[in-house]
Amino acid sequence: MKEKAIEYFMNGNSCAEAVILAAADEGLCDKVLLPCATSFSGGMSSGCVCGALAAAQMVLGYNFGKENTKGNEVVARQKARELVECFVKRNKVTCCRALTRGLEGMQKKQHCQKMVGDSVELLEQLIKVKV
């Protein structure tokens with residue numbers, strides 16, 4: 001899934017869109033989430049939370065949130081917290097602006113591949129873990 005997400009990202013999709021597309025390919029969510037992901041790209045276009053991380057959170061909610069047979073609100077929130085904690089261990093922060101400070105163009109795009117890859121790897125791990 002990581003390679004697929006990076007491929008989507010490098011071929012014109014935003015970080016958040018790439019995570020959703022790769023997750024949909026794996027049957028982890030419905031592609032109907034794709035338009036929702038667009039607004040999370042680039043830290044919600046303001047440099048806030050990393051879009052790849054936000055999209056991974058959407059997929060967790062899709063799988064474990066309210067009205068879902070795989071989990072419940074407690075499980076969803078526990079996994080959401082764990083996703084952020086693991087992302088921070090790998091990258092120090094969740095803020096897009098901080099993650100990409102000083103980078104532009106292709107240098108930024110190449111750097112963001114790591115955030116896309118990390119988000120998808122962590123998402124896969126959390127979906128497989130039973131609570």
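This report describes the pocket, the nonpolar core, the cysteines and several individual residues of a predicted model.

**The largest pocket**

The largest pocket of the model has a volume of about 180 Å³. Its lining comprises 13 residues, of which F9, C15, G42, K108 and C112 are the closest to the centre. Sorted by class, this lining consists of seven nonpolar, four polar and two charged residues. Two helices, α7 (96-99) and α8 (105-128), each contribute at least two residues to the lining. Helix α8 gives the most, with five residues.

K108, one of the residues closest to the pocket centre, is located in helix α8. K108 is partly exposed, because its relative accessibility of 31% lies between the 20% limit for buried residues and the 50% limit for exposed ones. Apart from residues up to four places away in sequence, K108 touches T100 and L103.

**The nonpolar core**

The largest nonpolar core contains 38 residues. Within this core, the residues with the most contacts are V19, I20, V59, V116 and L123. Five helices each supply at least two residues of the core: α1 (2-10), α2 (15-25), α5 (51-64), α6 (73-91) and α8. Helix α8 is thus named both for this core and for the lining of the largest pocket.

The surroundings of I20 can be listed in detail. When residues up to four places away in sequence are not counted, I20 touches C29, L33, L34, A37, A55, M58 and V59. One of these partners, V59, is itself among the core residues with the most contacts.

**Cysteines**

The structure holds zero disulfides. A disulfide is a covalent bond between the sulfur atoms of two cysteines. For C29, the nearest cysteine sulfur is that of C36, at 10 Å. C29 is in no disulfide, because a pair of sulfur atoms would have to lie within 2.5 Å to count as one. Conversely, the cysteine sulfur nearest to C36 is that of C29, again 10 Å away, and C36 is likewise in no disulfide.

What is the relative accessible area of C29, and is this residue buried or exposed? C29 has a value of 7% and is therefore buried. C36, by contrast, counts as partly exposed, with a relative accessibility of 38%.

**Helix α4 and its surroundings**

M44 is found in helix α4, which spans residues 41-47. S45 has its place in helix α4 as well. M44 has a positive phi of about 60 degrees although it is not a glycine, and S45, also not a glycine, has a positive phi of about 60 degrees. The accessibility of the two residues falls into separate classes: M44 is partly exposed at 38%, whereas S45 is exposed at 69%. S45 is assigned to the exposed class because its value is over 50%.

Neighbours within four places in sequence left aside, M44 is in contact with S39 and V49. A further spatial relation links M44 to C96, a residue 52 positions apart in sequence, with a C-alpha to C-alpha distance of 9.0 Å.

R97 belongs to helix α7. Its relative accessible area is 45%, so R97 is partly exposed. Which residues does R97 contact once its neighbours within four places in sequence are left aside? The contacts are S46, G47 and C48. R97 and S46 are 51 residues apart along the chain, and their C-alpha atoms are separated by 8.0 Å.

**Helix α5: G61**

G61 lies in helix α5, one of the helices that supply at least two residues of the largest nonpolar core. G61 itself counts as partly exposed, with a relative accessibility of 33%. The C-alpha atom of G61 is separated by 9.0 Å from that of K79, and the two residues are 18 residues apart along the chain.

**C-alpha separations**

The pairs described above are collected in the following table.

| Residue pair | Separation along the chain | C-alpha distance |
|---|---|---|
| R97 and S46 | 51 residues | 8.0 Å |
| M44 and C96 | 52 residues | 9.0 Å |
| G61 and K79 | 18 residues | 9.0 Å |

How values were computed
Residues are numbered from 1 along each chain as its sequence is written. This is a predicted model: local features need pLDDT of at least 70, side-chain atom pairs count only at pLDDT 80 or more; totals for chains, interfaces and linings use all residues. Side-chain values use heavy atoms; hydrogens and water are left out. On a 1 Å grid over the protein atoms alone, a cavity is a set of points where a 1.4 Å probe fits but cannot get out, and a pocket is an open set with protein on both sides within 12 Å along at least five of seven lines; lining residues have an atom within 4 Å of a point. Grid points are joined across faces, edges and corners, and a volume is the space filled by probe spheres set on the points. Helices (H or I, at least four residues) and strands (E, at least two) are DSSP runs, numbered from the N terminus. Ala, Val, Leu, Ile, Met, Phe, Trp, Tyr, Cys and Pro count as nonpolar, Asp, Glu, Lys and Arg as charged, and the others, Gly among them, as polar. A nonpolar core is a set of buried Ala, Val, Leu, Ile, Met, Phe, Trp, Tyr and Cys residues joined through side-chain atoms within 4.5 Å. Buried means under 20% relative accessible area, exposed over 50%, partly exposed in between (1.4 Å probe, protein chains only). Contact means heavy atoms within 4.5 Å.
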